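Q: I am new to this structure and would like to learn how to read it step by step. Could you guide me through its features, giving the idea before the case?

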Amino acid sequence: MSLRKTNILLFIGVVALAGIHAYQHFNPGARGSKLIRRVSLFDRAVYSAGSIEIDRADAEAVVLRREGDRWALSRPYSAGADKDCILQLLDALAFGRVISSYTDADLAKFGKTRGDYGLDNPRLKVRVASAGGDQVLSFGRKTPTGDGVFVSLQKDRKIYVVDAAVFDAANLSAADFRDHSIVPREIGSVDAFDLKRGQLSAMRFSKSGEQWKVFSLRDSDGEKVASAVKIDEFISSLAKAEVKSFVWPVGGADEAASLASSVLAGYGLDSE
């Protein structure tokens, strides 16, 4: 009798589970929003952003603006911006891992307020403006373990815990975002260039097909064949070269399209 009763209960359980599965399959709305949590902070529209503003409680605001295919700093000073650095920030906003989230009801249960997580006066705020509208993210305190940070989005009231790497990607100074390349990294194909060595010599290199040739701009020595391997190495190293520090302008001074001869002469340089 007990075996029969057990079999009946098992049969009822299987039927019930099958019924629940079928109901959820044919009624997606019945699954409930709690089963689907946010997995990223910003939508993919961030990649078409026209500007990025970063406000920090302990430093000047940084404003970056897109200019065609390039990015530039417009605050606290005007200068070229590092495109790779900006893409890393956008990647962090679009794909940064959301660890957990809390609603106002959750905070009430915990006896906590937004201020307890550092979000009443955020230490850092990022605003990304695109054709679809602005997306704003505020950063509060780090989690006790240090591997996460509490954040909130302007468009909802939830508090999210995201990977601390998202904060690190945004918590950069204007100097960090500044372009440190000597020449544009997309230097492309070089067909000719001049090389000047003080007042002693000046040479012009030009490429014809796969062959490089060089001739003096000051002497009449005629055209000579140059080493294609050495020239390719020189161009490659020039494209990879980066600025170690900026001597002028510094601080809040804007970059200038050209410099006065008097400024250049102070560093042993000339207008050429």
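**Reading the model from surface to core**

A: Let us begin with the outside: the accessible surface of this protein, which is a predicted model, comes to about 17400 Å², and 54% of that area belongs to carbon and sulfur atoms.

Q: How many of the residues count as buried, and how many helices and strands are there?

A: A residue counts as buried when its relative accessible area is under 20%, and 30% of the 272 residues of the protein meet that condition. The protein has seven helices and 13 strands. Among contacts between residues at least 6 apart in sequence, 49% join residues at least 24 apart.

Q: In what order do the strands of the nine-stranded open sheet lie, and which strands stand at its edges?

A: A sheet is read by following each strand to its partner strands. Here the order is 4-3-2-1-6-7-8-9-5, and the pairing is antiparallel. Strand 4 (79-80) and strand 5 (98-102) are at the edges, and each has a single partner strand, so one side of each is left without a neighbour in the sheet. Within the sheet order, one can also look at a single pair: strand 7 (residues 133-142) and strand 8 (residues 148-153) run antiparallel and are joined by four bridges, and Leu-137 stands opposite Leu-153 in strand 8.

Q: Which residues touch the most other members of the largest nonpolar core?

A: A nonpolar core is read through the side-chain atoms that join its buried residues. The largest one has 38 residues, of which Ile-52, Leu-64, Val-126, Phe-139 and Phe-177 touch the most other members. Helix 2 (residues 83-95) supplies the largest share of this core, with seven residues. A second, separate core has eight residues, including Val-190, Phe-193, Phe-205 and Val-214. Returning to Ile-52, and leaving aside residues up to four places away in sequence, its contacts include Val-62, Leu-64, Trp-71, Ile-86 and Val-126.

Q: Which residues of helix 6 are buried, and which are exposed on the face turned away from them?

A: To read a helix, one can look down its axis and ask where the buried residues point. In helix 6 (residues 228-240), the buried residues are Ile-231, Ile-235 and Ala-239. Seen down the axis of helix 6, these buried residues fall within an arc of 75 degrees, so they line one face of the helix. The face turned away from that buried side carries the exposed residues Val-229, Lys-230, Glu-233 and Lys-240. The buried residues of helix 6 pack against strand 10 (192-197), strand 11 (201-208), strand 12 (211-216) and strand 13 (224-226).

Conventions: Residues numbered from 1 in each chain as written. Predicted model: local features only at pLDDT ≥ 70, side-chain atom pairs only at ≥ 80, totals over all residues. Heavy atoms only, no water. Core = buried A, V, L, I, M, F, W, Y, C linked by side-chain atoms within 4.5 Å. Buried < 20%, exposed > 50% of the residue type's maximum accessible area, 1.4 Å probe, protein only. Helix = DSSP H or I, 4+ residues; strand = E, 2+ residues; numbered from the N terminus. Contact = heavy atoms within 4.5 Å. Arc of directions from axis to C-beta. Areas by Shrake-Rupley, 256 points an atom, 1.4 Å probe, with all protein chains shown as cover. Pairing = 2+ DSSP bridges.
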